[in-house]
Amino acid sequence: MSIEQQKKEDPGLINKILHKTPTGITGLDEITGGGLPSGRPTLICGAAGSGKTLFSMEFIVRGALEFNEPGVFMAFEEKSEELTVNVASLGFDLDKLQKDKLVKLDHVHIERSEIEETGEYDLDGLFIRLGYAIDSIGAKRVVLDTIENLFSGLSNQLILRAELRRLFQWLKEKGVTAIITGEKGEGALTRQGLEEYVSDCVILLDHRVCNQISTRLLRIVKYRGSVHGTNEYPFLIDEEGISVLPVTALKLENNVSAERISSGIPSLDKMLEGKGFYRGSSILVSGTAGTGKTSIAAYFAHATCLRKERCVYFAFEESPPQIIRNMQSIGINLQEHIDDGLLQFHASRPTLNGLEMHLVSIHKVVNKFRPRTIILDPITNLITVGSVSEVKAMLIRLIDFLQTQQITVMFTALTLNNIVNEQTDEGVSSLVDAWLRVRDIEFNGERNRGMYVMKSRGMKHSNQVREFVISDEGLNLVSVYLGPEGVLTGSAREAQQLQEETGLILRTHAVSRKDLEIERKRKVLEAKIASLHEEFESLQDELNKSYVEEELKKEIIEKNREKLTKIRHHENNTATDNSSSE
Amino acid sequence: MEVKEEIWELRLYVAGQTTKSVTALQNLKKYCEEHLKDKYKIEVIDLLVHPQLAEGDQILAIPTLVKKVPEPIRKIIGDLSNEEKVLVGLNIRPSTK
């Protein structure tokens with residue numbers, strides 16, 4: 001940053017800042033901040049088989065192909081034809097490049113038995129050869145591989161050393177960017193102390209075997225006049241040449257996405273605010289053996305592919321056909337997605353290469369296939385090839401890399417009752433964004449799976465333990481039964497549910513019987529009420545009757561009396577009336 | 001050794017007229033006159049003039065004397081100041097003086 005600022009402030013300084021020549025080797029230019037120092041010699045040292053020749057060859061070929069800088073490769077060890085054949089496996093066609101005047105190979109053959117030394121000499125012949133080669137194609141890059149062979153061919157060390165010093169000086173004057181390779185010596189970077197002459201940039205290549213697993217490492221020992229990464233960086237040699245892997249990005253400023261993606265299991269999504277995971281997050285699924293981690297991972301892959309996004313499945317335990325077959329039993333067909341080109345399997349035994357190599361190969365696959373989701377199943381197997389801290393370091397770098405690419409990653413991890421693995425759990429868990437745990441719940445003579453969300457950054461996830469059920473129809477999460485007897489799962493849960501159902505039926509039955517009884521009682525009572533009513537009415541009738549009789553009697557009596565009085569009256573004065581009226 | 005029928009074809013690679021080159025040529029001529037009279041050819045190649053020739057004979061050091069014929073090919077580097085070594089290198093037994 002400060003350099004950038006200075007550049008703006010003082011345009012004159014730009015010319016003073018060290019110019020760099022990009023190597024074109026994947027990753028190396030990032031570590032060196034732009035490449036090797038331009039116009040200066042760089043020493044690449046390392047033991048036999050550490051990749052020096054290949055490294056320098058790639059520098060030349062990439063320079064010619066990508067940066068339009070022709071190069072001279074002066075080989076002191078291998079013949080031109082051998083070199084051509086050796087690098088053809090990397091897809092470099094040296095014959096064609098030589099024909100196009102982009103690369104010149106020059107094999108310097110030194111045979112001690114043919115050479116007799118007498119008196120003073122110098123290495124002008126070499127200078128002239130090199131100078132001629134450089135001028136004939138206008139080379140900007142030069143490789144001397146391995147110049148130390150001069151020491152085995154010529155015995156006058158004094159002359160050699162003086163001449164080497166002159167050679168490097170001469171190379172600088174020529175303005176070519178040079179790589180000089182040197183065999184690693186005892187206690188020194190190179191056997192002949194070449195680092196003494198080449199002091200601008202020294203890169204050390206190492207090939208380390210640890211626990212029978214080899215890792216290639218690269219370290220910049222020195223880079224005068226430039227900032228550079230100081231770590232040991234693993235690198236990989238494969239059919240595309242060398243790729244160096246920066247150990248960690250220096251910054252923690254990845255873009256984050258608020259987009260949510262489904263886990264493929266609706267009931268699990270429900271535990272995660274109903275939406276699932278964040279895109280670009282890292283998810284850890286851990287659990288003991290046989291708890292269905294792979295099934296969860298496969299569902300996630302399935303869901304990814306259903307969204308028409310690409311997914312890569314790195315399997316470290318099972319072979320792809322095995323996974324596909326097994327997943328068919330729970331109702332997902334992964335083969336379809338493979339045929340559609342959405343899913344890729346990469347299966348390898350963890351012991352195939354070192355951790356770093358795994359990382360590099362993951363990088364390569366990701367860069368080539370550009371998936372949105374990757375799955376590593378399981379990461380715990382990687383411990384067989386590295387220590388816990390190494391695995392953690394690798395995963396940090398992996399997560400880091402994936403986050404910059406907005407790729408969602410799901411790891412599965414096996415938990416054993418083993419201290420090392422518990423550490424992994426925790427070691428890794430601090431790195432991941434979401435952590436699901438699947439665990440056994442052993443109860444009532446059977447084993448069931450319980451699942452809970454240990455953590456999920458940035459969302460209000462459920463705190464409930466769910467029973468995780470794997471059936472022919474797929475995966476599902478069922479709420480566990482929380483009863484007076486505690487948490488119940490599996491058949492105990494089902495038994496409890498049945499019991500509850502029976503209870504319910506019994507209760508409803510009981511209720512309805514009581515209802516009936518009440519009804520009956522009501523009817524009885526109603527009947528009683530009705531009869532009483534009848535009784536009352538008859539009584540009333542009775543009463544009414546006597547009342548009416550009384551009335552009638554009274555009326556009749558009244559009438560009779562009237563009659564009597566009338567009769568008596570008539571008797572007195574109108575007896576004729578009486579007889580006439582009759 | 002049947003030396004009479006053979007002609008020594010010698011090439012001396014130099015780079016310009018440096019002291020070493022001049023000394024080497026003088027020494028070579030001297031030895032040849034002494035031991036190989038009329039049986040030798042000396043070809044002096046100046047690499048400054050013909051740099052492309054350096055690759056063919058695998059020249060590194062200057063001056064280099066290359067004996068092409070008779071076989072085997074031998075190279076002698078340096079200013080040839082050590083007569084014995086040169087003669088051994090050229091496969092010449094010192095003739096009776």
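**Figure 1. Charge and surface of chain A in the predicted model.** In chain A, the mean position of the 70 positive charges and that of the 84 negative charges lie 3 Å apart. The surface that chain A exposes amounts to about 29800 Å², of which carbon and sulfur atoms supply 51%. Of the 582 residues in this chain, 48% are buried.

**Figure 2. Overall dimensions and make-up of chain A.** Chain A contains 18 helices and 25 strands. Its radius of gyration is 49 Å, well over the 25 Å that the globule rule gives for 582 residues, so chain A is more spread out than a compact globule. The C-alpha trace of chain A spans about 210 × 60 × 40 Å along its principal axes. Among contacts in chain A with a separation of 6 or more, 68% are between residues 24 or more positions apart.

**Figure 3. Helix α4 of chain A and the residue just after it.** Helix α4(A) covers residues 52–66. At 1.5 Å a residue, its 15 residues should span 21 Å, and the end C-alpha atoms are 20 Å apart, which agrees. Because 13 of the 15 residues of α4(A) are buried, this helix is largely enclosed by the rest of the structure. Just after α4(A), Asn68(A) adopts a positive phi of about 55°.

**Figure 4. Surroundings of Phe76(A) in the loop between β4 and α5 of chain A.** The loop that holds Phe76(A) follows β4 (71–75) and precedes α5 (80–88). Phe76(A) has a relative accessibility of 5%, and a residue is called buried under 20%, so Phe76(A) counts as buried. Neighbours within four places in sequence left aside, Phe76(A) is in contact with Val108(A), Ile110(A) and Leu126(A), as well as with Leu144(A), Asp145(A), Thr146(A), Ile147(A), Asn149(A) and Leu150(A). One of these partners, Leu126(A), is among the buried residues of helix α7(A). The C-alpha atom of Phe76(A) is separated by 6.3 Å from that of His109(A), although the two residues are 33 apart along the chain.

**Figure 5. Helix α7 of chain A and the elements that cover it.** Helix α7(A) comprises 14 residues, 124–137, and reaches 20 Å from its first C-alpha to its last, close to the 20 Å expected at 1.5 Å a residue. The helix is mostly covered, with 11 of its 14 residues buried. Among the buried residues are the charged side chains of Asp124(A) and Arg129(A), together with Leu126(A), Phe127(A), Ile128(A), Leu130(A), Ile134(A) and Ile137(A). Gly125(A), Gly131(A) and Ala133(A) are buried as well. The cover of these buried residues includes β4, β5 (103–107), β7 (141–145), α8 (149–153) and α9 (157–174) of chain A. Chain B also takes part in this cover, through its helix α2 (53–56). Gly138(A), which follows α7(A), has a positive phi near 65°.

**Figure 6. Fold order and burial in chain B.** Chain B has 3 helices and 4 strands, and from the N terminus on these elements run β-α-β-α-β-β-α. Of its 97 residues, 46% are buried. Contacts between residues at least 24 apart make up 67% of those in chain B that join residues at least 6 apart in sequence. Chain B exposes about 5200 Å², and carbon and sulfur atoms supply 51% of this area.

Key: Residues numbered from 1 in each chain as written. Chains lettered and ligands numbered in written order. Predicted model: local features only at pLDDT ≥ 70, side-chain atom pairs only at ≥ 80, totals over all residues. Heavy atoms only, no water. Helix = DSSP H or I, 4+ residues; strand = E, 2+ residues; numbered from the N terminus. Rg over C-alpha atoms; globule rule 2.2 N^0.38 Å. Buried < 20%, exposed > 50% of the residue type's maximum accessible area, 1.4 Å probe, protein only. Contact = heavy atoms within 4.5 Å. Areas by Shrake-Rupley, 256 points an atom, 1.4 Å probe, with all protein chains shown as cover. Charge placed at Lys NZ, Arg CZ, Asp CG, Glu CD. Expected span 1.5 Å × (residues − 1).
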